[in-house]
Amino acid sequence: MTKTLSPKIGRREVRFWAIAGRRLKRERQAAGLSLKGLAELLARTRQSIINMEAGRTRWSVYCALRCAEVLKVPLAQLLPGDVIKPQE
């Protein structure tokens, strides 16, 4: 399940999902999968994958794990941990 981002979220969270989306798209393309192909493997719609890649939605933990599994990449390769570190 994915959730549409609300206007009340912080800039760091917006940045997190934007980076994660770009990484998802990069890995999907590297795996030679179409939007429809990835959607089918994840039991999602093509539109939900478009929204995920555009950074417009939050992914559930399960969805993130499934993406990594299907794309055969470590989860850390999809999710930008450096964005969530506390600021000095």
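A residue counts as buried when its relative accessible area is under 20%. With that cut-off in hand, welcome to a short tour of this predicted model.

**View 1. The cysteine pair C63 and C67, tucked away from the surface.** C67 has a relative accessible area of 0%, so this residue is buried. C63 is buried too, because its relative accessible area is 1%. Are these cysteines bonded or unbonded? The sulfur of C63 has its closest cysteine sulfur in C67, at 4.2 Å, which is too far for a bond. A disulfide would call for two cysteine sulfur atoms within 2.5 Å. Seen from the other side, the sulfur of C67 finds its closest cysteine sulfur in C63, again at 4.2 Å and too far for a bond. In line with this, a search of the whole structure turns up zero disulfides.

**View 2. Helix α2 meeting helix α4.** Here residues 35-42 form α2 and residues 61-71 form α4, and the two helices pack at an angle of about 120°. Their axes lie 10 Å apart. That angle makes α2 oblique to α4. As α2 passes α4, the crossing is right-handed. Which residues do the meeting? From α2 come L38, L41 and L42, and from α4 come R66, C67, V70 and L71. Sorted by class, this contact comprises six nonpolar residues, one charged residue and no polar ones. Readers coming from the first view will recognise C67, a buried cysteine, among the α4 residues that α2 touches.

**View 3. Helix α2 and what covers it.** Which residues of α2 are buried? They are L35, G37, L38, A39 and L42. Two of these, L38 and L42, also appear in the contact with α4. The cover over the buried residues of α2 includes α4, together with α1 (11-30) and α3 (46-53). Just after the helix, do look for A43: this residue follows α2 and has a positive phi, near 55°.

**View 4. Stepping back to place the close-ups in the chain.** How many helices and strands does the chain have? There are five helices and two strands. Read from the N terminus, the elements follow the order β-α-α-α-β-α-α. Of the 88 residues in the chain, 38% are buried. Among contacts with a separation of 6 or more, 69% join residues that are 24 or more positions apart.

Technical notes:
Residues are numbered from 1 along each chain as its sequence is written. This is a predicted model: local features need pLDDT of at least 70, side-chain atom pairs count only at pLDDT 80 or more; totals for chains, interfaces and linings use all residues. Side-chain values use heavy atoms; hydrogens and water are left out. Axes are lines fitted to C-alpha atoms, for helices over the stretch in contact, and angles run from 0 to 180 degrees between N-to-C directions. Helices (H or I, at least four residues) and strands (E, at least two) are DSSP runs, numbered from the N terminus. Angles under 35 degrees count as roughly parallel, over 145 as roughly antiparallel, 65 to 115 as roughly perpendicular and the rest as oblique. A crossing is left-handed if the near helix is turned anticlockwise from the far one by less than a right angle, and right-handed if clockwise. Contact means heavy atoms within 4.5 Å. Ala, Val, Leu, Ile, Met, Phe, Trp, Tyr, Cys and Pro count as nonpolar, Asp, Glu, Lys and Arg as charged, and the others, Gly among them, as polar. Buried means under 20% relative accessible area, exposed over 50%, partly exposed in between (1.4 Å probe, protein chains only).
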